[in-house]
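Work through these short exercises with the structure open beside you. Try each task before reading its solution.

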Amino acid sequence: MPAALASTSTSRRQFLALLGISAAAVSCGTATATGGSGGSGKQVTTLKYQGAVGAVTLPELAADLGYLGGLTLDWVGNTISGPQDIQSAATGQTHFGGAFNGAIVKLAASKAQIQAVVSYYGSDKDTYLGYYVLEDSPIRSARDLIGKKVGMNTLGAHAQALLDIYLERNGFSKADAGKVEPLVVPPVNTEQALRQKQIEVGVLSGVLRDKALASGGIRPLFKDFELLGAFSAGSYVMTRRFIKENPDTVRTFTTGVAKAIEWSRTTPREEVIARMTEIIKKRGRNEDTSTLQYWRSYGVAEPGGRIADKEFQLWLDWLGGRGEIKKGQLKPGDLYTNEFNGYGKG
């Protein structure tokens with residue numbers, strides 16, 4: 001049976017509240033992972049991070065390709081939640097974390113001293129977030145979602161944001177939108193939960209989506225790519241303090257990730273998959289590599305993961321319009337920097 005489905009009473013109007021981070025919480029986090037060595041001139045060269053089961057993150061790929069120079073990665077565990085990952089970075093448990101750009105906006109609005117340095121995932125024609133139902137499901141339109149359960153990897157992030165946009169564009173009132181119930185379901189269990197009718201809609205992406213489609217019996221209700229076109233959806237963040245005290249480290253990391261993005265674009269797909277498979281086998285965590293055969297791209301829109309204003313402005317406007325942040329509180333330029341991304345400069 002799938003892992004227990006985590007229900008929630010969090011309303012849609014409390015979008016991103018799952019972050020659960022107050023200004024006080026992020027301001028008093030430990031300094032062990034966020035601080036450099038002050039005036040000593042010695043910069044951090046081992047970066048703590050969280051990974052994903054059965055997947056190869058861009059920093060992991062960059063390290064294996066030799067793009068991180070003298071930097072090493074220190075895996076501290078796995079996560080399925082972008083908001084949790086950037087919270088860990090903000091509070092000093094890791095050196096970097098990645099999340100949906102809307103979650104980054106929300107965290108920055110809570111006074112967390114973080115800054116995005118490079119995009120790491122997005123949506124395109126090959127790589128996108130899809131909202132799937134069973135082939136014989138009566139759900140055919142947005143209106144059919146009222147009273148239905150939608151399983152997704154985490155609340156308050158990309159999947160819930162796109163669901164809200166879909167409902168809004170289909171004329172849903174706030175009251176009706178609140179009748180659609182998002183539930184947390186681990187990605188590896190989403191297909192099974194959908195087929196066993198524990199949820200009516202499952203949010204699937206990447207290799208897990210393609211694997212489920214290959215098995216048949218499901219169809220898409222909508223895709224984020226259809227709503228927004230190609231876009232970079234998430235970024236890696238570091239604390240401003242860490243960036244200030246470790247500029248060379250940040251430059252090596254960011255440029256290495258950028259190079260890994262371009263390597264994955266320009267290298268034959270079969271070779272990328274073979275490399276990822278070897279990476280997973282070498283780390284020895286007893287992970288299943290079979291789903292890697294469905295990998296297509298990281299979906300990053302801009303060359304080298306360079307960040308553009310539009311990738312944050314969409315979510316600034318969306319969150320501001322719903323009262324999640326104060327209108328005008330932040331500008332895109334407050335949230336990211338391309339200063340350390342050496343890819344494409346000049």
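The exercises below concern a predicted model.

**Exercise 1. Determine whether helix H3 is largely enclosed or not, and find what lies at its two ends.**

Step 1. Locate the helix: H3 covers residues 82-90.

Step 2. Apply the cut-off: a residue is buried under 20% relative accessible area. Gly82, Pro83, Asp85, Ile86, Ser88, Ala89 and Ala90 pass this test.

Step 3. Draw the conclusion. Seven of the nine residues are buried, so H3 is largely enclosed by the rest of the structure.

Step 4. Go to the N-terminal end. Serine 81 caps H3 there. One of its side-chain oxygens lies 3.1 Å from the backbone nitrogen of glutamine 84.

Step 5. Go past the other end. Glycine 92 follows H3, and its phi is positive, near 85°.

**Exercise 2. Find the residues with the most contacts inside the largest nonpolar core, then trace the contacts of valine 105.**

Step 1. Size the core: the largest one has 50 residues.

Step 2. Pick out the residues with the most contacts inside this core. They are Val105, Tyr131, Leu145 and Leu163.

Step 3. Ask which helix gives the most to this core. Helix H5, residues 158-169, does so with seven residues.

Step 4. Take valine 105 and set aside its neighbours within four places in sequence. Its contacts are then Phe312, Trp315, Leu316, Leu319, Ile325, Leu330 and Leu335.

Step 5. Look for a second core. A separate one has 35 residues, including Leu61, Ala62, Tyr120 and Trp295.

**Exercise 3. Work out the strand order of the open three-stranded sheet and describe its pairing.**

Step 1. Write the order: E3-E10-E4, with antiparallel pairing.

Step 2. Mark the edges. Strand E3 (97-100) and strand E4 (114-123) each pair on one side only.

Step 3. Add the twist. Direction ignored, neighbouring strands of the sheet are turned by 30° against each other on average.

Step 4. Count the bridges between E4 and strand E10 (residues 231-239). Eight join these antiparallel strands.

Step 5. Check one position: valine 118 stands opposite tyrosine 236 in E10.

**Exercise 4. Identify the buried residues of helix H8 and what covers them.**

Step 1. List the buried residues in H8 (residues 206-215): Val207, Arg209, Asp210 and Ala212.

Step 2. Find the cover. It includes strand E5 (129-134), helix H7 (187-195), strand E8 (201-205) and strand E9 (218-223).

Step 3. Read on past the helix. Glycine 216 follows H8, with a positive phi near 80°.

How values were computed:
Residues are numbered from 1 along each chain as its sequence is written. This is a predicted model: local features need pLDDT of at least 70, side-chain atom pairs count only at pLDDT 80 or more; totals for chains, interfaces and linings use all residues. Side-chain values use heavy atoms; hydrogens and water are left out. Buried means under 20% relative accessible area, exposed over 50%, partly exposed in between (1.4 Å probe, protein chains only). Helices (H or I, at least four residues) and strands (E, at least two) are DSSP runs, numbered from the N terminus. A polar contact is a pair of N or O atoms within 3.5 Å; within protein, one must be able to donate a hydrogen and the other to accept it, and residues adjacent in sequence count only if both atoms are side-chain atoms. A nonpolar core is a set of buried Ala, Val, Leu, Ile, Met, Phe, Trp, Tyr and Cys residues joined through side-chain atoms within 4.5 Å. Contact means heavy atoms within 4.5 Å. Two strands pair if DSSP finds at least two bridges between them. Axes are lines fitted to C-alpha atoms, for helices over the stretch in contact, and angles run from 0 to 180 degrees between N-to-C directions.
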